[in-house]
Amino acid sequence: MELSEIYQNNCNGAIWDFSPKISFEIFPPKNGDISNLFEELRILKRYNPVLVSLTYGASGGLNRFTFENLKSIRDLELNLMPHFTCVSMLKDEIEKHITSVENLGIENILALRGDIPDYMTDKELDFAHANELVEFIQAKTTLSIGVAGYPEGHIESKNLKDDIKYLKKKVDAGASAIFTQLFFDNDKLYRYIETVKNSGINVPIVAGIMPVRSFKQIQKMTSMAKVTIPAKLIQQLGKYPEEALKIGTEFAINQCENLIENGVNSLHFFTLNHSDQVSEILNNIF
Ligand code: FAD
């Protein structure tokens with residue numbers, strides 16, 4: 001099913017009767033052993049996610065799920081959306097990858113440029129930006145394509161206006177849903193949604209929720225991306241670092257409740273492979 005349809009229709013057979021749609025992101029465990037991840041996924045499956053997305057490390061190796069992993073996870077009868085970054089790959093390798101994904105019976109892909117490693121120059125790239133990758137996937141496969149969006153602007157962007165101009169290129173090239181970077185200030189997302197819509201982009205925008213687990217994690221995030229952390233959250237984490245999990249969970253519950261009250265019905269949880277925290281959040285919201 002097309003991503004835009006998934007996020008526009010109501011959830012069928014959910015364990016609760018509600019219209020918001022839930023999806024989850026997982027990443028490959030560092031040791032390459034996905035057996036524990038299966039347990040996490042079985043727990044998350046109870047929440048009837050519309051899809052599970054799987055990150056793709058631009059640096060390769062154990063930062064990526066193998067095709068064998070994708071096949072086993074798909075066998076849990078989950079609708080999958082593997083991520084894919086084109087930054088360090090040649091066109092023929094890219095074609096091979098996306099065709100293999102499609103041949104596994106997977107219907108969706110998150111098309112990303114990826115972060116450019118310091119040693120690389122733009123000239124070495126077959127695709128300089130994600131819109132070119134989207135166009136390529138659209139031409140070569142029937143995969144439904146998601147793309148990344150940045151409520152506070154991408155870290156390389158001069159301003160949000162330019163970023164949204166390029167976002168439109170990705171949608172015009174064939175993307176049918178936008179998955180946002182994490183954010184903590186809902187007002188920033190509301191403004192983003194309005195600006196995106198006013199720019200003539202009419203595909204679903206799925207809100208990326210990152211439940212905080214530690215102070216260190218939040219410091220790392222802000223060094224890598226444009227993300228505003230509310231002063232109250234920083235203060236609480238700074239004062240009670242040992243209670244970060246509880247603080248992060250409560251913050252995420254309030255954040256999601258506010259989003260739903262304001263009509264944001266598509267929530268994509270960056271689970272960090274921890275079903276316990278996400279379950280607690282979802283049990284509180286619904
Ligand atoms: P692009 O859309 O190409 O944008 C990159 C920058 O270039 C932006 O500043 C944009 O404004 C600008 N730009 C875009 N198009 C053009 C153009 N045509 N001309 C000029 N400038 C342009 N990274 C991973 O390595 N693995 C993952 O699994 C992963 N998952 C992610 C999931 C989500 C939901 C999000 C939001 C991000 C994810 N990322 C992941 C991070 C992502 O790879 C980085 O943010 C990367 O730097 C940009 O990728 P992009 O697809 O947004 O690039």
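A residue is counted as near the ligand if one of its heavy atoms lies within 4 Å of it. The exercises below apply this to a predicted model.

**Exercise 1. The surroundings of the ligand**

Determine how many residues surround the ligand, which elements supply them, and how the shell divides by class.

Solution. Begin with the count: 25 residues surround the ligand, and the closest are Y56, D115, Y150, D163 and K170. Next, turn to the elements, where β3 (80-85), β4 (108-112), α5 (130-140), α6 (160-172) and β6 (175-182) are found to supply at least two residues each to the shell. Among the contributors, α6 gives the most, with 4 residues. Finally, sort the shell by class, which yields 9 nonpolar, 10 polar and 6 charged residues.

**Exercise 2. Polar atoms facing the ligand**

Find the distances that separate atoms of Y56, H129 and D163 from atoms of the ligand, and then state what share of the ligand's area the protein buries.

Solution. Take the backbone first: a backbone N or O atom of Y56 lies 2.7 Å from a nitrogen atom of the ligand. Continue with the side chains, where a polar atom of H129 lies 3.3 Å from an oxygen atom of the ligand, and a polar atom of D163 lies 2.6 Å from an oxygen atom of the ligand. For the last step, consider the ligand taken alone, which exposes 970 Å², and note that the protein buries 86% of that area.

**Exercise 3. Aromatic pairs**

Classify the ring pair of Y56 and F84 and the ring pair of F127 and F136 as stacked, tilted or edge-to-face.

Solution. The count for this structure comes to 5 aromatic pairs. In one of them, the rings of Y56 and F84 have their centres 5.2 Å apart and their planes at 65 degrees; since planes over 60 degrees apart count as edge-to-face, the pair is edge-to-face. This pair links distant parts of the chain, with Y56 in the loop between β2 (51-54) and α3 (67-74) and F84 in strand β3, 28 residues apart. Both partners are buried, with relative accessible areas of 12% for Y56 and 0% for F84.

Now repeat the steps for F127 and F136, whose ring centres lie 5.3 Å apart with planes at 55 degrees, so the pair is tilted. Here too the residues are buried, F127 with a relative accessible area of 5% and F136 with 10%.

**Exercise 4. The strand β5**

Explain why β5 is described as largely enclosed by the rest of the structure, and identify the strands that pair with β5.

Solution. Of the 6 residues of strand β5 (residues 144-149), 6 are buried, so the strand is largely enclosed by the rest of the structure. In a regular strand the side chains alternate between the two faces of the sheet. Both faces can therefore be checked in turn: S144, G146 and A148 are buried on one side, and I145, V147 and G149 are buried on the other. As for the pairing, 3 bridges join β4 to β5 in a parallel arrangement, and L110 has G146 in β5 as its bridge partner. The strands β5 and β6 also run parallel, over 5 bridges, and T180 in β6 is the bridge partner of G149.

**Exercise 5. A charged residue in a loop**

Decide whether R113 is buried or exposed, and find the side chain that R113 contacts.

Solution. Locate R113 first, in the loop between β4 and α5. Its relative accessible area is 9%, and because buried means under 20%, R113 is buried. The side chains of R113 and E156 are joined by a polar contact of 2.6 Å.

Conventions. Residues numbered from 1 in each chain as written. Predicted model: local features only at pLDDT ≥ 70, side-chain atom pairs only at ≥ 80, totals over all residues. Heavy atoms only, no water. Polar contact = N/O pair within 3.5 Å; in protein donor to acceptor, adjacent residues only side chain to side chain. Areas by Shrake-Rupley, 256 points an atom, 1.4 Å probe, with all protein chains shown as cover. Nonpolar A, V, L, I, M, F, W, Y, C, P; charged D, E, K, R; others polar. Phe/Tyr/Trp six-rings, centres within 6.5 Å; stacked < 30°, edge-to-face > 60°. Buried < 20%, exposed > 50% of the residue type's maximum accessible area, 1.4 Å probe, protein only. Pairing = 2+ DSSP bridges.
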